[in-house]
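Please look over the following chain. The report below describes its overall form and then its interior.

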Amino acid sequence: MFDSFEKDYEVCNCRKVTLEEIEIAIKEKEAKTLRDIQDITSAGTDCRHCIFTEGDFGKMKKKIYCKDILNKVLNG
Ligand code: FES
């Protein structure tokens with residue numbers, strides 16, 4: 001899963017939330033929705049560009065989004 005990214009890859013730059021922290025929120029803290037991820041990790045609660053591609057209005061597009069991680073972890 002996301003093999004090309006390090007565990008400490010920073011998915012949410014505003015809140016400095018890593019790929020691993022988001023995976024743990026889903027696997028161990030039972031985050032089922034993007035809202036849950038926001039509540040548990042605070043990822044996506046500032047500029048919100050890291051939540052999903054449609055919401056990325058940044059000049060530099062993100063390489064990975066919270067929504068992708070949620071879907072991958074929940075759906076395998
Ligand atoms: S990069 Fe995640 S809220 Fe801004």
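## Overall form

A compact globule of 76 residues would have a radius of gyration near 11 Å, and the chain agrees because its own value is 11 Å. This radius is taken over C-alpha atoms, and the globule rule is 2.2 Å times the number of residues to the power 0.38. The model is predicted: local features need pLDDT of at least 70, side-chain atom pairs count only at pLDDT 80 or more, and totals for chains, interfaces and linings use all residues. Residue numbers start from 1 along each chain as its sequence is written.

The C-alpha trace spans about 30 × 25 × 20 Å along its principal axes. The chain has 3 helices and 2 strands, in the order β-β-α-α-α from the N terminus. Helices (H or I, at least four residues) and strands (E, at least two) are DSSP runs, numbered from the N terminus.

## Interior

Of the 76 residues, 28% are buried (20 or more other C-beta atoms within 10 Å of the residue's own; exposed means 12 or fewer, partly exposed in between; C-beta atoms are placed from the backbone).

The largest nonpolar core (buried Ala, Val, Leu, Ile, Met, Phe, Trp, Tyr and Cys residues joined through C-beta atoms within 7 Å) holds 16 residues, of which Val11, Ile22, Ile37, Ala43, Cys50, Cys66 and Ile69 touch the most other members. Each element in the table supplies at least two residues of this core.

| Element | Residues |
|---|---|
| Strand 1 | 10–12 |
| Helix 1 | 19–27 |
| Helix 3 | 66–75 |

Helix 1 gives the most, with 4 residues.

Leaving aside neighbours within four places in sequence, Cys50 is in contact (C-beta atoms, placed from the backbone, within 7 Å) with Val11, Cys12, Ala43, Gly44, Lys62, Tyr65 and Cys66.

Note on methods
Two residues are in contact if their C-beta atoms, placed from the backbone, lie within 7 Å.
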